[in-house]
Amino acid sequence: MNTIVSQASKYILLALMVLFTIETYMVLRRRDEKSRNRIMRKQIGLMVMFNLVAYPTMYLLSGDFQMLVMFLSVVCFILVVQVLYRLIYRRASMILLNTMCMMLSVGFVIQSRLGMETAMKQFIITSLATLICFIIPVFIRKVRIVSRLTWLYAVAGIGLLGVVLLFGRITGGAQLSVSLGGITFQFSEFVKITVVLFMAGMLQNRHDFKTVLAVTVVAAVHVGILALSADLGAALIYFMAYIVMVFVATRNPGYAFLGLGGMAGASIVAYRLFDHVRVRVAVWKDPFQDYEGTGYQIVQALFGVCAGGWFGTGLFKGNPDMIPLAYEDFTFAAICEEFGVLFAICLILLCMGMYLLIVNIATKLEKPFYRLVAVGLGTEYAFQVFLTVGGTTKFIPMTGITLPLISYGGSSIMCTIIMISIIQGLYIMRTDESQAREEERMQQRLRRRISNQEQYLREYQRPERRSGYPGQGQGGSGQNVRYGESARNGSGDARTGYADGGTTKIIRKLNRSQNRQDSADEMERKNGQEIGDTDELAKKIEEQTKNGLEIHY
Amino acid sequence: MSSQKKLKNRQKTDLKSITRPYRIVSYISLALFASLIGYMVYFQVFLSDNLLNSPYNKRQEIVQEQIVKGSLLDRNGNVLAETVTAEDGTESRNYPYGNLFAQAVGYSVYGGSGLESTENSTMLQSHADIVTQMQQDIQEEKKQGDNVTTTLSAVLQQAASDALGSNRGAVFAMDADTGEVLVDYSSPNFNPNTIEQDWESLVNSEDGVFLNRATQGQYPPGSTFKIVTALAYYRQHGTFDDFSYTCTGSYESDGYTIHCAGNEVHGQESFQDAMANSCNCAFAYMAVNLIDKDLLRQTADQMGFNQDIPVELPYNGGEFTLDANTPNQLTMQTAIGQGDTLATPMLMCMVADAVKNNGQMMTPIFVKSVDSATGSNVKTMQPQIFGDVMTTEETQALEPLLEAVVQRGTAADDLSDLPYQIAGKTGTAEYGDVSEGKAHSWFTGYTNTGNNDIVVCAVVENGGNGRAPATRVARNVFSAWGTETY
């Protein structure tokens, strides 16, 4: 019985994940609001289903009652967040929110599988962070000063990293965290955000060599401190964000190549200088060389990755606890083992979708500062995924960082949620901006159409043109009756034929968008009252058209 | 109007040039993600098998609980080892041929041995198609592991066993072209079906039943080594034609005398005569006088002595020492395969294979293919070349010598009447106290029909001096090859 449950659940979970991933990409393609909304609702359903399958399965297999507690908590969390977002930030990117919730779901499931205690802790931190981060979009919208605190970010970032370097206690061979009142903070996570804010602030208006140089120096100080603290993963992520932001701001590929060259050089120097770098490269080349020692972690992770095959072993049927740090740096290996490689590939695709969403948002933003912030944070996210997934599967040397939103780690999850909230804030502003733009465009279009219309009408008023066209049989189908009628009446024959309901609609739209203008309002009212009268219609419409035109010219 | 248009165009290009780097960055990131996914697939398809089979991977033991270990089959699909599930669900391995494949197939308890051990992880993987796997998952059935088709032939193995009877010894045979091992038989042996009951006595017995004599048994190669000596001679002189020796039944150098078998006197001999007669005196004479010692050592090394051979089963290498400072006494013995020289039946089989195969020595392989329980091919092994150890010219010179051995020489009594051409070399390798006259009997040779030829090497311990000639054992294998589909 247990096996059936576990095996059935593994295929169901995979199917749900595949569907969810497909829907995410469908949203990227779909433009119209309606089908987007339908997909969003479907995704929430899939998410709830995912949890509904995963936790009861784990409860059956482990007999741990807390699984059900966890299930209720997670589902509540998802629903509350979804509802709150819809109430407070109606214009936020729901697809980004959904993707985040799905990844959190996967994270909570695998954390619960690996250890209830850490899973609970993770859940509490996540909920708190999400709640606190509700303020961020408002903050971004209202407090415009954020784009002018450039040097403050640099000082704060370097300060925090410096503190870690000076007072940090050793964890896992790297000085990564500082304890404050019992809570351990990994500042390099928070500095990820400040460094992006700093670079965006510097590069928002000026892209001259001096500015780039200043940015480079400050970024190099950040990276240098991290390299000294042996936090190579974070160092690489900062560096990547730096290269991308400078390139995007200056549009000069030369800087990007210089940066990449610099990175290559720095890597060689780091390889020569730091023992821990050499160890990582050696382990990457041949993890079996020092199986009992430095290679042990990665070898166990690799065993985990291949243990599950395409479909995984099923929950509680694998041995992810044989992987050291499975809940932290090697979560991806644990996922591969019990959920299978196909599921893991879906997860990568989901991360990629998240990144594409962020870049998409970035390109739509007006202000260079926000654009740079979005692309910077997105790059950090994407590269972190690349480093940890690539490291776990020995595609690249392991750098020892977490899989955002999925791995255990308070600072990591908090920062990722902050980052996503910032991007939500930017997106909300984008929808503000784009809505204004959309209205503007709409009006322009109407103006153009109406002026064309007018020209057209004027042309037909000329007698020589009118004689060329017999009254009947003109105009599009469906308009014939009315057309004929007005022709019989002998007043403005052709005109009426063309100034049909379409124009009325345009005008209505136009008027709606300009409802502050009384004359237009009046027109609409009149229009509404008298529209039924076909005899009067032609004159009215002509008048309205003229009036409408007067509004603009 | 036109200026407006221009403005608009400019705005458009502005927007485009702003978003362009964003697009470039996202394309690069897409490439990174795509490479990651590609690598995951590559990892799963190509790398994961090796990792699953890694001896460090402790998950194997756990996997065993979910998969029914597959079967080992002979080259014709006869089951050599299979999993039998009792009614209460306990699984055990069954070996239908009992003792016949004791060492080659081995057993799976007590850490395992033979192919049961080396192919263990292969048989514990299931490459059954996805639908079947899903079905088995859902029906809570254990998955059926992959089956390994070995290169072994039950027919030929049986022929070897029959011929060897109760004698101690070994037979190793392989396909001349591909190096596929057809026979890997060693006696004495044990019954792997009852290994657990017999374990205590088998471990304490002094018969060395666990030793796979065909691949691990190190014997002095005796006269079969004359193939190598002859090759060294040919390499030094470029021809056998100028050789002539008059055998008086003994040859003396530096106060040490060597005798021909049975003190026989062969008289005037060409090189071919010396080989056919297996004339010790002639070879001792040529080693002392006509062959550079370093060249002989180099030749032996090239033939696989003192080298690692990449075979799947445990094996021992050949041992050979000789250099310019070696005293003549030892040189004479070395030339006729005595002295410090040691070889396994597998190695001498490979030497004969090189002669048959135009100088290309094949590495013995034991596995033909791996197939899933549902019959789909998982992988097929390719022949492996150990080395191009002789030139065609050299093999063309050596072949008539080995044919002469069978047609009119020391193997003629046992092999010349077979209806197809066989070439080879006999050997009588003295061991232990010379005065007791104990000697192992050797034969290594091949069929030469041009069609599915096989190379057979047989050793019968203490079968020398006519007691139980290895040639007769080999004959049984050759005739089984000739009359039956193996």
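Two residues are in contact here when heavy atoms of theirs lie within 4.5 Å of each other. Going by that, the contact between the two chains takes 37 residues from chain B and 56 residues from chain A. Keep in mind as you look around that this is a predicted model. Below is a quick tour: the interface, the cysteines, the salt bridges, then one helix and one serine in chain B.

**Where chain B meets chain A**

- Chain B and chain A bury about 4,300 Å² between them, and 76% of that area is on carbon and sulfur atoms.
- Helix H1 (2-52), helix H2 (59-63) and helix H6 (130-138) of chain B each put at least two residues into the side of chain B that touches chain A.
- H1(B) gives the most to that side, with 25 residues.
- Sort the residues on the side of chain B that touches chain A by type and you get 22 nonpolar, 10 polar and five charged.
- Looking for salt bridges across the interface of chain B and chain A turns up zero.
- Polar contacts do turn up across the interface of chain B and chain A: four residue pairs, with both residues at pLDDT 80 or more.

**Cysteines without disulfides**

- The disulfide count comes to zero over all chains.
- Take Cys247(B): the closest cysteine sulfur to its own belongs to Cys279(B), and at 3.7 Å that is too far for a bond. The cut-off for a disulfide is 2.5 Å between the sulfur atoms.
- Cys247(B) is buried, at a relative accessible area of 2%.
- Cys349(B) tells a similar story, as its sulfur sits 5.8 Å from the closest cysteine sulfur, in Cys457(B), which is too far for a bond.
- Cys349(B) is buried too, with a relative accessible area of 0%.

**Salt bridges**

- Side chains of opposite charge can pair when their charged atoms come close.
- Over all chains, a search of the whole structure finds 18 salt bridges.
- In chain A, the side chains of Arg113(A) and Glu338(A) meet in one of them, at 2.7 Å from N to O. This pair links distant parts of the chain, 225 residues apart: Arg113(A) is in helix H4 (residues 94-114) and Glu338(A) is in helix H14 (residues 331-339).
- Arg113(A) counts as buried at 8% relative accessibility, and Glu338(A) is buried with a relative accessible area of 1%.
- Over in chain B, Arg213(B) and Glu461(B) pair up through their side chains, also in a salt bridge, at 2.7 Å from N to O. Arg213(B) lies in helix H9 (residues 213-216) and Glu461(B) in the loop between S19 and H18, so the pair ties together parts that are 248 residues apart in sequence.
- Arg213(B) is buried, with a relative accessible area of 5%, and Glu461(B) is buried at 18%.
- Asp453(B) and Lys356(B) form a salt bridge as well, their closest N and O atoms being 3.4 Å apart. Asp453(B) is in the loop between strand S18 (439-447) and S19 of chain B, while Lys356(B) is in helix H15 (residues 345-356), so parts that are 97 residues apart in sequence get tied together.
- Both Asp453(B) and Lys356(B) are buried.
- Back in chain A, salt bridges that share partners join Arg113(A), Asp321(A) and Glu338(A) into one network.

**Helix H7 of chain B**

- Helix H7 (residues 154-164) of chain B has buried residues including Leu156(B), Gln157(B), Ser161(B) and Leu164(B).
- The buried residues of H7(B) pack against strand S7 (169-175), strand S8 (181-187), strand S19 (454-460) and helix H18 (470-483) of chain B.
- Just after H7(B) comes Gly165(B), which takes a positive phi of about 55°.

**Ser441 of chain B**

- Ser441(B) lies in strand S18 of chain B and counts as buried, at 6% relative accessibility.
- Leaving out residues up to four places away in sequence, Ser441(B) touches a string of others, among them Gly427(B), Ala458(B), Val460(B), Gly464(B) and Pro469(B).
- Ala470(B) is also on that list of contacts, and its backbone nitrogen lies 2.7 Å from a polar atom of the Ser441(B) side chain.
- Ser441(B) and Ser223(B) are 218 residues apart in sequence, yet their C-alpha atoms are 9.6 Å apart in space.

Conventions. Residues are numbered from 1 along each chain as its sequence is written. Chains are lettered from A and ligands numbered from 1 in the order in which they are written. This is a predicted model: local features need pLDDT of at least 70, side-chain atom pairs count only at pLDDT 80 or more; totals for chains, interfaces and linings use all residues. Side-chain values use heavy atoms; hydrogens and water are left out. Buried area is the accessible area (1.4 Å probe) that two parts lose on being put together, summed over both. A salt bridge is a side-chain nitrogen of Lys or Arg within 4 Å of a carboxyl oxygen of Asp or Glu. A polar contact is a pair of N or O atoms within 3.5 Å; within protein, one must be able to donate a hydrogen and the other to accept it, and residues adjacent in sequence count only if both atoms are side-chain atoms. Helices (H or I, at least four residues) and strands (E, at least two) are DSSP runs, numbered from the N terminus. Ala, Val, Leu, Ile, Met, Phe, Trp, Tyr, Cys and Pro count as nonpolar, Asp, Glu, Lys and Arg as charged, and the others, Gly among them, as polar. Buried means under 20% relative accessible area, exposed over 50%, partly exposed in between (1.4 Å probe, protein chains only).
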